[in-house]
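Hello,

Here is the structure I promised to pass on to you. Have a look at it first, and then read my notes on its aromatic rings.

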Amino acid sequence: MKFRETFRFEVAYQSRRVSTWFYFVLILVLSFQMAREVFVAEAREGSYFLNAPFAVAQVTIVACMLSLLALAAVAGGAAARDVETRMHPLLYTTPVGKAAYLGGRFLAAFALGALIMTAIPAGLLAAALLPGKHADLFGPIRPAAYLSAYFLLALPNAFVAVALMFSAASLGRRGVTSYLGGAFVFFAAVVSWQLVAVSLGHWGVAKLTDPLGLTIIGELSKVWTPGEKNALIVGLQTSVVVNRLAWIGFALCVLALTYLRFRFAHVAVDGGWSVRRRAS
């Protein structure tokens, strides 16, 4: 009951905020524009459709990177709002355990993040339905391409990012520290792709250390033929599955560590920590 109430309160609170829906609309518009305009030259040169499964996955990964700021705001608010508004001395004395408090807040942040990420396939689908001046570069709409891009790429990315951001803000007790988690995810993806894979040539290692799957898309862009880009669904490959499982496992370990380290305590006058209410 306490877990459900915590989850429901956080979802309701952030759903009423204008910023939450601003992020949704912003990502929707960015995905729409990228699907119609950004990769036109690449698609024309590579002889594949702008709404091919590969193109859908490509835009999804880039949109996930742009979504990190929105996810950080949601995760940071859920994790540290009580401390920043100085409500924590009151809330920490209520009969709510760590599992209900942290679990409810985290799952609420992830649910909101998952909602925001639905703007990506929505924007991609809108671009296919409203192709504009590049209508010749759009092919048949394949629902499987959008579903796989969301459930196998965007949603796991959101889970990993929100887990790291929520943990950073919970332990740091400042919402702004959630952006450190976002920075880690962003630079880990870029460094894995550009340095480990492209510069050093260790593609196998890079595909595993990339939390967003950017390196996998980079490899597929080089090895897949135009026909494969138009026909094959991204997300069912072994490299993608291994990457998703590895990073979800890492995120779960970070959440477990956060649970163990979190204390119902507040900063004392001398700058130290006051005695916590209880370990649960």
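Below is what I found about the aromatic side chains and the charges that sit over them.

Please keep in mind that this is a predicted model. The count of aromatic pairs comes to 13. One of them joins tyrosine 150 and phenylalanine 151, whose ring centres are 5.0 Å apart. Their planes stand at 85 degrees to each other, and the pair is edge-to-face. As for how accessible these two residues are, tyrosine 150 is buried, with a relative accessible area of 11%, whereas phenylalanine 151 is partly exposed at 48%.

Another edge-to-face pair is made by tryptophan 247 and phenylalanine 250, with 5.3 Å between the ring centres and 80 degrees between the planes. Both residues belong to helix H14, which covers residues 238–261. They are separated by about one helical turn, because they lie 3 residues apart in that helix. Tryptophan 247 is buried, at 10% relative accessible area, while phenylalanine 250 counts as partly exposed, with 37%.

You may also like to look at a group of phenylalanines: Phe106, Phe110, Phe159 and Phe166 make up one aromatic cluster.

Finally, there are two places to visit where a charged residue meets a ring. Arginine 81 is found over the face of tyrosine 13, 4.1 Å from the centre of the ring. Lysine 229 has its charged end over the ring of phenylalanine 54, at 5.0 Å from the ring centre.

Happy exploring, and best wishes!

Note on methods
Residues numbered from 1 in each chain as written. Predicted model: local features only at pLDDT ≥ 70, side-chain atom pairs only at ≥ 80, totals over all residues. Heavy atoms only, no water. Phe/Tyr/Trp six-rings, centres within 6.5 Å; stacked < 30°, edge-to-face > 60°. Buried < 20%, exposed > 50% of the residue type's maximum accessible area, 1.4 Å probe, protein only. Helix = DSSP H or I, 4+ residues; strand = E, 2+ residues; numbered from the N terminus. Lys NZ or Arg CZ within 6 Å of the ring centre and 35° of its normal.
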